[in-house]
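Dear colleague,

Please find below the structure that I promised to pass on to you. Once you have looked through it, you may like to read my notes underneath, which go from one part of it to the next.

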Amino acid sequence: GLVYSTPRCNEIFETSPFELMTYESFVRVLHPEDRFHVEEILSNSQKTGSEYNEQFRVVYTDGRIEWVSARGKTLLSAGGKPEKMMGVVRRIT
């Protein structure tokens with residue numbers, strides 16, 4: 001349940017630079033129209049170990065909406081359980 005992120009990643013998801021990011025803080029800023037799709041993609045990756053390469057919107061507290069790109073995958077144990085997720089998130093400019 002721990003999310004290790006860089007200060008730059010935290011900035012994209014409107015979290016303080018060295019604050020521990022949580023899944024809830026990540027989901028909180030997703031655009032309402034994109035939230036279900038993003039959660040579905042991440043859930044599928046956790047079940048199958050599949051890679052994802054998605055674009056979605058983030059809504060900031062000041063009302064700005066920006067597109068971001070996320071690419072990553074889940075690493076599964078020998079028994080098929082999710083052990084780690086890793087990925088890269090970038091603002092689309």
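Asn53 stands opposite Arg71, a residue of strand β2, and that pair is a convenient place to start reading this model, which is predicted. Strands β1 and β2 pair in the antiparallel sense, and nine bridges hold this pairing. The two strands form a hairpin with five residues between them, and in the turn Gly63 has a positive phi of about 95°. As general background, strands of a sheet pair through backbone hydrogen bonds, and they may do so in a parallel or an antiparallel way.

On to the rest of the sheet. Strand β2, which covers residues 65–76, is also joined to β3 by nine bridges, and these two strands run antiparallel. Within that pairing, Leu75 stands opposite Lys84 of β3. Taken together, the three strands make an open sheet in the order β1-β2-β3, with antiparallel pairing. Its edge strands are β1 (51–59) and β3 (82–91), each of which pairs on one side only. If you look along the sheet, you will find that neighbouring strands are turned by 30° against each other on average, with direction ignored. Helix α3, made of residues 32–48, packs on this sheet and touches β1, β2 and β3, while its direction makes about 155° with that of β1.

Two residues in the strands deserve a closer look. Is Arg57 buried or exposed? Arg57, which is found in strand β1, has a relative accessible area of 17%, and because the limit for a buried residue is under 20%, Arg57 counts as buried. Leaving aside neighbours within four places in sequence, Arg57 is in contact with Val29, Leu30, His31, Glu33, Asp34, Ile65, Glu66 and Trp67. The second residue is Met86, whose place is in strand β3. With neighbours within four places in sequence again left aside, Met86 is in contact with Tyr52, Arg71, Gly72, Lys73 and Leu75. Met86 and Ser5 are 81 residues apart in sequence, yet their C-alpha atoms are 9.9 Å apart in space.

Next come the charged side chains. A search of the whole structure finds seven salt bridges, and I describe some of them here. The side chains of Glu11 and Arg8 meet in a salt bridge, with a distance of 2.6 Å from N to O. Both residues lie in helix α1, three residues apart, which is about one turn of the helix. Glu11 counts as partly exposed at 41% relative accessibility, and Arg8 is also partly exposed, with a relative accessible area of 46%.

Which parts of the chain does the salt bridge between Glu11 and Arg91 tie together? The side chains of these two residues meet at 3.3 Å, N to O. Because Glu11 lies in helix α1 and Arg91 in strand β3, the pair ties together parts that are 80 residues apart in sequence. Arg91 counts as partly exposed, at 21% relative accessibility. Another salt bridge is formed by Arg64 with Glu66, the closest N and O atoms being 2.6 Å apart, and Arg64 is partly exposed, with a relative accessible area of 37%. Salt bridges that share partners join Arg8, Glu11, Asp62, Arg64, Glu66 and Arg91 into one network.

Two further points concern the part of the chain around the early helices. Glu14 lies in the loop between α1 and α2 (23–28), and this residue has a positive phi of about 55° although it is not a glycine. The background to this is that most residues other than glycine have a negative phi. Glu14 counts as partly exposed, at 28% relative accessibility.

Finally, a word about the surface. Leu2, Tyr4 and Leu20 make a nonpolar surface patch of about 400 Å². Of these, Leu2 lies in the segment before α1 (7–12). Is Leu2 buried or exposed? Its relative accessible area is 58%, and because exposed means over 50%, Leu2 counts as exposed.

With best wishes,
A colleague

Notes: Residues numbered from 1 in each chain as written. Predicted model: local features only at pLDDT ≥ 70, side-chain atom pairs only at ≥ 80, totals over all residues. Heavy atoms only, no water. Pairing = 2+ DSSP bridges. Helix = DSSP H or I, 4+ residues; strand = E, 2+ residues; numbered from the N terminus. Axes fitted to C-alpha atoms, helices over the stretch in contact; angles between N-to-C directions. Contact = heavy atoms within 4.5 Å. Patch = residues over 30% accessible without salt bridge, like charges linked within 9 Å, V, L, I, M, F, W, Y side chains within 5 Å. Areas by Shrake-Rupley, 256 points an atom, 1.4 Å probe, with all protein chains shown as cover. Salt bridge = Lys/Arg side-chain N within 4 Å of Asp/Glu carboxyl O. Buried < 20%, exposed > 50% of the residue type's maximum accessible area, 1.4 Å probe, protein only.
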